[in-house]
Amino acid sequence: MTSSAPAADPTTRVQLRPRYEGSNICTWIGFKHVNYLVEEAVYDHARQHGFPPGELFERYGLGVDLTDLDTKILTALHIDDVVTATVRRLPAQDGGGLRLGVELTVERSGETVKAVAAKATVHLRSDPRGHAVAEPPAELVGLTVDRLGAGAAPVPLEPGTDPLEQLTAGRNAFGWAWRMPYFYCHFTERVQMSGYLRQMEEVVDLFLADRGVSIKTLLDEQDWIPVVPHSRITLLDEALMEETLYTVYTVENVFKRLTYTARMDAYVLRDGVLVPTATGRITHGWAVIENRRDWSLVDFDDRLTDALTGKAGKALGRGRA
(Lines give C-alpha, C1' and ligand atoms only; values in the text may rest on other atoms or scores of the structure.)
Protein backbone atom coordinates (compact mmCIF):
# COMPACT_ATOMS: atom_id res chain seq x y z
CA MET A 1 0.00 0.00 0.00
CA THR A 2 1.40 3.41 -0.97
CA SER A 3 0.10 6.88 -0.07
CA SER A 4 0.48 9.85 -2.38
CA ALA A 5 -1.18 12.93 -0.80
CA PRO A 6 0.29 15.32 1.77
CA ALA A 7 -1.44 15.44 5.15
CA ALA A 8 -2.32 19.11 4.62
CA ASP A 9 -4.52 18.22 1.63
CA PRO A 10 -8.08 17.45 2.83
CA THR A 11 -8.38 14.96 -0.04
CA THR A 12 -6.25 11.83 0.29
CA ARG A 13 -5.24 9.15 -2.17
CA VAL A 14 -3.84 5.70 -1.64
CA GLN A 15 -3.15 2.72 -3.87
CA LEU A 16 -4.52 -0.63 -2.73
CA ARG A 17 -4.83 -4.18 -4.00
CA PRO A 18 -7.77 -6.50 -3.35
CA ARG A 19 -7.06 -9.37 -1.00
CA TYR A 20 -6.68 -12.80 -2.59
CA GLU A 21 -9.35 -14.16 -0.25
CA GLY A 22 -11.98 -12.09 -2.08
CA SER A 23 -11.36 -13.77 -5.44
CA ASN A 24 -13.91 -16.57 -5.00
CA ILE A 25 -15.28 -17.15 -8.52
CA CYS A 26 -12.83 -16.74 -11.41
CA THR A 27 -10.77 -13.62 -10.65
CA TRP A 28 -13.61 -11.26 -9.70
CA ILE A 29 -13.65 -9.63 -6.28
CA GLY A 30 -16.80 -10.05 -4.20
CA PHE A 31 -18.72 -7.15 -2.67
CA LYS A 32 -17.40 -7.80 0.84
CA HIS A 33 -13.79 -7.33 -0.22
CA VAL A 34 -14.73 -4.31 -2.32
CA ASN A 35 -16.07 -2.81 0.90
CA TYR A 36 -12.85 -3.82 2.66
CA LEU A 37 -10.98 -1.63 0.16
CA VAL A 38 -13.28 1.26 1.03
CA GLU A 39 -12.62 0.67 4.73
CA GLU A 40 -8.86 0.65 4.22
CA ALA A 41 -9.07 3.92 2.29
CA VAL A 42 -10.94 5.49 5.22
CA TYR A 43 -8.35 4.32 7.76
CA ASP A 44 -5.54 5.59 5.52
CA HIS A 45 -7.32 8.96 5.33
CA ALA A 46 -7.12 9.16 9.12
CA ARG A 47 -3.42 8.28 9.05
CA GLN A 48 -2.59 10.88 6.42
CA HIS A 49 -4.27 13.53 8.57
CA GLY A 50 -2.20 12.63 11.60
CA PHE A 51 -4.64 10.35 13.44
CA PRO A 52 -3.57 6.71 13.00
CA PRO A 53 -6.31 4.43 14.36
CA GLY A 54 -3.81 2.50 16.49
CA GLU A 55 -2.51 5.64 18.17
CA LEU A 56 -6.04 6.98 18.74
CA PHE A 57 -6.87 3.85 20.72
CA GLU A 58 -3.58 3.39 22.54
CA ARG A 59 -3.09 7.04 23.52
CA TYR A 60 -6.62 8.44 23.82
CA GLY A 61 -8.81 5.38 24.28
CA LEU A 62 -10.75 6.08 21.08
CA GLY A 63 -11.81 3.34 18.68
CA VAL A 64 -12.30 4.29 15.02
CA ASP A 65 -15.64 2.79 13.93
CA LEU A 66 -17.43 2.87 10.60
CA THR A 67 -21.08 3.29 11.52
CA ASP A 68 -22.56 3.60 8.02
CA LEU A 69 -21.19 2.23 4.75
CA ASP A 70 -23.03 2.76 1.46
CA THR A 71 -21.25 1.32 -1.59
CA LYS A 72 -22.12 1.23 -5.27
CA ILE A 73 -20.06 -1.08 -7.48
CA LEU A 74 -19.90 0.27 -11.03
CA THR A 75 -17.47 -2.15 -12.63
CA ALA A 76 -15.93 -5.43 -11.51
CA LEU A 77 -12.57 -5.48 -9.75
CA HIS A 78 -10.09 -8.31 -10.40
CA ILE A 79 -7.47 -9.85 -8.17
CA ASP A 80 -4.43 -8.20 -9.82
CA ASP A 81 -5.93 -4.71 -10.04
CA VAL A 82 -4.12 -1.77 -8.51
CA VAL A 83 -6.92 0.37 -7.14
CA THR A 84 -6.55 4.10 -6.52
CA ALA A 85 -8.77 5.23 -3.64
CA THR A 86 -9.62 8.93 -3.35
CA VAL A 87 -11.23 10.08 -0.08
CA ARG A 88 -13.02 13.42 0.30
CA ARG A 89 -14.88 14.92 3.22
CA LEU A 90 -18.63 15.37 2.85
CA PRO A 91 -21.03 17.74 4.64
CA ALA A 92 -22.17 16.55 8.05
CA GLN A 93 -25.64 15.09 8.52
CA ASP A 94 -27.92 14.33 11.45
CA GLY A 95 -26.32 11.74 13.70
CA GLY A 96 -22.92 13.41 13.63
CA GLY A 97 -19.69 11.70 12.80
CA LEU A 98 -17.22 12.32 10.01
CA ARG A 99 -18.74 11.70 6.58
CA LEU A 100 -16.43 10.70 3.75
CA GLY A 101 -16.85 10.04 0.06
CA VAL A 102 -14.65 7.27 -1.33
CA GLU A 103 -14.01 6.66 -5.01
CA LEU A 104 -12.09 3.65 -6.30
CA THR A 105 -10.65 3.75 -9.81
CA VAL A 106 -8.73 1.23 -11.93
CA GLU A 107 -6.90 1.32 -15.22
CA ARG A 108 -8.62 -0.43 -18.13
CA SER A 109 -7.01 -0.40 -21.59
CA GLY A 110 -5.04 2.73 -20.75
CA GLU A 111 -8.03 4.63 -19.35
CA THR A 112 -8.98 5.42 -15.76
CA VAL A 113 -12.34 3.88 -14.93
CA LYS A 114 -14.43 4.58 -11.83
CA ALA A 115 -15.14 1.19 -10.26
CA VAL A 116 -16.74 2.10 -6.92
CA ALA A 117 -18.49 5.08 -5.35
CA ALA A 118 -19.05 4.89 -1.60
CA LYS A 119 -20.03 7.01 1.38
CA ALA A 120 -18.87 6.22 4.89
CA THR A 121 -19.59 7.68 8.32
CA VAL A 122 -16.97 7.43 11.05
CA HIS A 123 -17.36 7.83 14.81
CA LEU A 124 -14.76 7.64 17.56
CA ARG A 125 -15.99 5.33 20.32
CA SER A 126 -14.65 6.08 23.81
CA ASP A 127 -13.22 2.86 25.24
CA PRO A 128 -14.88 1.85 28.52
CA ARG A 129 -12.35 -0.61 29.90
CA GLY A 130 -10.68 1.65 32.45
CA HIS A 131 -7.03 1.98 31.41
CA ALA A 132 -5.57 5.45 31.70
CA VAL A 133 -5.66 7.62 28.56
CA ALA A 134 -4.62 11.12 27.56
CA GLU A 135 -7.05 13.92 26.82
CA PRO A 136 -7.89 13.79 23.08
CA PRO A 137 -7.30 16.80 20.81
CA ALA A 138 -10.19 19.29 20.79
CA GLU A 139 -10.87 18.67 17.10
CA LEU A 140 -11.82 15.06 17.87
CA VAL A 141 -14.36 15.81 20.59
CA GLY A 142 -17.23 16.34 18.16
CA LEU A 143 -16.67 12.89 16.66
CA THR A 144 -16.49 11.05 19.98
CA VAL A 145 -19.40 9.04 21.38
CA ASP A 146 -19.90 6.83 24.44
CA ARG A 147 -21.99 4.33 22.47
CA LEU A 148 -22.37 3.55 18.79
CA GLY A 149 -25.61 3.51 16.87
CA ALA A 150 -28.32 5.61 15.31
CA GLY A 151 -30.92 3.91 17.51
CA ALA A 152 -34.04 1.90 16.70
CA ALA A 153 -37.07 0.76 18.66
CA PRO A 154 -36.59 -2.57 20.48
CA VAL A 155 -38.91 -5.50 19.72
CA PRO A 156 -40.45 -7.26 22.75
CA LEU A 157 -40.14 -11.02 22.44
CA GLU A 158 -43.43 -12.80 22.89
CA PRO A 159 -43.18 -15.30 25.79
CA GLY A 160 -42.27 -18.82 24.70
CA THR A 161 -41.54 -17.71 21.11
CA ASP A 162 -38.37 -18.44 19.18
CA PRO A 163 -36.81 -15.08 18.17
CA LEU A 164 -36.36 -16.06 14.52
CA GLU A 165 -39.86 -17.46 14.21
CA GLN A 166 -41.27 -14.16 15.51
CA LEU A 167 -39.03 -12.03 13.30
CA THR A 168 -39.77 -13.96 10.08
CA ALA A 169 -43.47 -14.76 10.63
CA GLY A 170 -45.62 -13.84 7.63
CA ARG A 171 -42.69 -12.43 5.67
CA ASN A 172 -40.68 -13.51 2.65
CA ALA A 173 -37.71 -13.83 4.96
CA PHE A 174 -34.95 -16.10 6.20
CA GLY A 175 -33.47 -16.07 9.71
CA TRP A 176 -30.08 -17.09 11.05
CA ALA A 177 -28.80 -17.17 14.64
CA TRP A 178 -25.08 -17.29 15.35
CA ARG A 179 -22.80 -16.54 18.30
CA MET A 180 -20.50 -13.64 17.46
CA PRO A 181 -16.87 -14.80 17.51
CA TYR A 182 -13.98 -12.63 18.60
CA PHE A 183 -12.67 -12.35 15.02
CA TYR A 184 -15.79 -10.39 14.00
CA CYS A 185 -14.99 -7.81 16.69
CA HIS A 186 -12.48 -5.10 17.38
CA PHE A 187 -11.42 -2.84 20.25
CA THR A 188 -11.71 -5.86 22.51
CA GLU A 189 -15.47 -6.48 22.49
CA ARG A 190 -17.64 -4.88 19.78
CA VAL A 191 -18.76 -6.35 16.45
CA GLN A 192 -17.27 -4.13 13.76
CA MET A 193 -18.54 -3.10 10.33
CA SER A 194 -16.57 -5.84 8.58
CA GLY A 195 -18.28 -8.36 10.87
CA TYR A 196 -21.66 -7.21 9.57
CA LEU A 197 -20.36 -7.41 6.01
CA ARG A 198 -19.54 -11.06 6.70
CA GLN A 199 -23.03 -11.55 8.12
CA MET A 200 -24.58 -10.03 5.01
CA GLU A 201 -22.50 -12.21 2.71
CA GLU A 202 -23.29 -15.43 4.59
CA VAL A 203 -27.00 -14.83 5.14
CA VAL A 204 -27.41 -14.37 1.38
CA ASP A 205 -25.62 -17.67 0.80
CA LEU A 206 -27.79 -19.48 3.36
CA PHE A 207 -30.99 -17.92 2.03
CA LEU A 208 -30.29 -19.02 -1.54
CA ALA A 209 -29.45 -22.56 -0.43
CA ASP A 210 -32.63 -22.70 1.64
CA ARG A 211 -34.67 -21.73 -1.43
CA GLY A 212 -33.08 -24.41 -3.65
CA VAL A 213 -31.02 -22.01 -5.77
CA SER A 214 -27.65 -22.20 -4.02
CA ILE A 215 -24.70 -20.49 -5.61
CA LYS A 216 -23.08 -23.84 -6.45
CA THR A 217 -26.34 -25.17 -7.92
CA LEU A 218 -26.64 -22.31 -10.41
CA LEU A 219 -22.92 -22.43 -11.13
CA ASP A 220 -22.99 -26.14 -11.91
CA GLU A 221 -26.24 -26.13 -13.87
CA GLN A 222 -26.26 -22.75 -15.66
CA ASP A 223 -22.84 -21.11 -15.19
CA TRP A 224 -24.61 -18.28 -13.33
CA ILE A 225 -23.13 -16.23 -10.50
CA PRO A 226 -24.69 -13.52 -8.29
CA VAL A 227 -23.35 -9.98 -8.67
CA VAL A 228 -23.86 -7.03 -6.30
CA PRO A 229 -24.22 -3.47 -7.60
CA HIS A 230 -25.16 -1.90 -4.25
CA SER A 231 -24.91 -2.57 -0.53
CA ARG A 232 -25.43 -0.53 2.61
CA ILE A 233 -25.11 -1.24 6.33
CA THR A 234 -25.92 1.11 9.22
CA LEU A 235 -25.10 0.42 12.87
CA LEU A 236 -28.05 0.95 15.22
CA ASP A 237 -26.53 -0.24 18.49
CA GLU A 238 -23.62 -2.31 19.72
CA ALA A 239 -23.43 -6.09 19.52
CA LEU A 240 -20.83 -7.67 21.76
CA MET A 241 -18.45 -10.59 21.49
CA GLU A 242 -20.15 -13.94 22.20
CA GLU A 243 -23.67 -12.55 22.03
CA THR A 244 -26.04 -14.40 19.70
CA LEU A 245 -26.86 -12.27 16.68
CA TYR A 246 -30.25 -12.89 15.10
CA THR A 247 -29.98 -11.93 11.43
CA VAL A 248 -33.11 -11.66 9.29
CA TYR A 249 -32.91 -11.42 5.51
CA THR A 250 -36.11 -10.16 3.85
CA VAL A 251 -36.70 -9.95 0.10
CA GLU A 252 -38.29 -6.58 -0.61
CA ASN A 253 -38.47 -6.20 -4.36
CA VAL A 254 -37.78 -8.16 -7.54
CA PHE A 255 -37.34 -5.70 -10.41
CA LYS A 256 -38.26 -6.91 -13.90
CA ARG A 257 -36.32 -10.18 -13.45
CA LEU A 258 -33.10 -8.16 -13.54
CA THR A 259 -32.28 -7.45 -9.90
CA TYR A 260 -33.71 -8.02 -6.46
CA THR A 261 -33.27 -6.00 -3.28
CA ALA A 262 -33.30 -7.46 0.21
CA ARG A 263 -33.03 -6.01 3.69
CA MET A 264 -30.81 -7.37 6.44
CA ASP A 265 -31.75 -6.70 10.06
CA ALA A 266 -29.63 -7.83 13.01
CA TYR A 267 -30.72 -8.13 16.64
CA VAL A 268 -29.41 -9.27 20.01
CA LEU A 269 -31.67 -10.56 22.77
CA ARG A 270 -31.32 -8.74 26.10
CA ASP A 271 -33.70 -9.12 29.04
CA GLY A 272 -36.48 -10.50 26.86
CA VAL A 273 -36.21 -7.72 24.29
CA LEU A 274 -34.77 -7.91 20.77
CA VAL A 275 -32.46 -4.93 20.34
CA PRO A 276 -31.73 -3.92 16.73
CA THR A 277 -27.97 -3.54 16.24
CA ALA A 278 -27.68 -3.08 12.47
CA THR A 279 -29.76 -2.75 9.34
CA GLY A 280 -28.78 -2.86 5.70
CA ARG A 281 -29.79 -3.53 2.13
CA ILE A 282 -28.18 -5.39 -0.72
CA THR A 283 -29.04 -5.55 -4.41
CA HIS A 284 -28.27 -8.65 -6.47
CA GLY A 285 -28.34 -9.52 -10.12
CA TRP A 286 -27.13 -12.68 -11.86
CA ALA A 287 -24.58 -13.04 -14.61
CA VAL A 288 -23.46 -15.84 -16.88
CA ILE A 289 -19.74 -16.61 -17.04
CA GLU A 290 -18.59 -16.06 -20.63
CA ASN A 291 -14.91 -16.88 -20.18
CA ARG A 292 -12.26 -16.75 -17.47
CA ARG A 293 -12.41 -12.95 -17.30
CA ASP A 294 -15.80 -11.78 -18.60
CA TRP A 295 -19.45 -12.15 -17.62
CA SER A 296 -22.73 -10.58 -18.70
CA LEU A 297 -26.02 -10.00 -16.89
CA VAL A 298 -28.96 -12.33 -17.49
CA ASP A 299 -32.69 -12.18 -16.79
CA PHE A 300 -33.93 -14.33 -13.91
CA ASP A 301 -35.55 -17.59 -15.04
CA ASP A 302 -38.73 -18.99 -13.45
CA ARG A 303 -36.89 -21.13 -10.93
CA LEU A 304 -34.89 -18.19 -9.57
CA THR A 305 -37.84 -15.80 -9.65
CA ASP A 306 -40.07 -18.24 -7.78
CA ALA A 307 -37.38 -18.84 -5.18
CA LEU A 308 -36.87 -15.12 -4.57
CA THR A 309 -40.58 -14.34 -4.37
CA GLY A 310 -41.31 -17.15 -1.93
CA LYS A 311 -42.99 -19.48 -4.43
CA ALA A 312 -40.40 -22.22 -4.21
CA GLY A 313 -42.71 -24.58 -2.32
CA LYS A 314 -40.48 -24.74 0.76
CA ALA A 315 -40.99 -23.68 4.34
CA LEU A 316 -39.13 -20.53 5.32
CA GLY A 317 -35.81 -21.43 6.88
CA ARG A 318 -34.35 -20.46 10.23
CA GLY A 319 -30.73 -20.85 9.24
CA ARG A 320 -28.26 -22.52 11.54
CA ALA A 321 -27.74 -21.74 15.17
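**Salt-bridge exercises**

R59 and E55 sit 4 residues apart in helix α2 (residues 53-60), so about one helical turn separates them. Keep in mind that this is a predicted model.

**Exercise 1.** Work out what R59 forms with E55, and whether each of the two is buried or partly exposed.

*Solution.*
- Step 1: Check the distance. The closest N and O atoms of R59 and E55 are 3.5 Å apart, and the cut-off is 4 Å, so the pair forms a salt bridge.
- Step 2: Check the surroundings. R59 has 46% relative accessibility and E55 has 33%. Buried means under 20% and exposed over 50%, so R59 counts as partly exposed, and so does E55.

**Exercise 2.** Find the strands that hold R232 and D68, and say which of the two residues is buried.

*Solution.*
- Step 1: The side chains of R232 and D68 meet in a salt bridge, 3.1 Å from N to O.
- Step 2: R232 belongs to strand β14 (residues 224-235) and D68 to strand β5 (residues 62-73), so this pair links distant parts of the chain, 164 residues apart.
- Step 3: D68 is the buried one, at 10% relative accessible area, while R232 is partly exposed at 37%.

**Exercise 3.** Explain what the E252 and R281 pair ties together.

*Solution.*
- Step 1: Their side chains meet in a salt bridge at 2.8 Å, N to O.
- Step 2: E252 is in strand β15 (residues 244-255) and R281 in strand β17 (residues 273-289), so the bridge ties together parts 29 residues apart in sequence.
- Step 3: E252 is partly exposed at 35%, and R281 is partly exposed at 39%.

Note on methods: Residues numbered from 1 in each chain as written. Predicted model: local features only at pLDDT ≥ 70, side-chain atom pairs only at ≥ 80, totals over all residues. Heavy atoms only, no water. Buried < 20%, exposed > 50% of the residue type's maximum accessible area, 1.4 Å probe, protein only.
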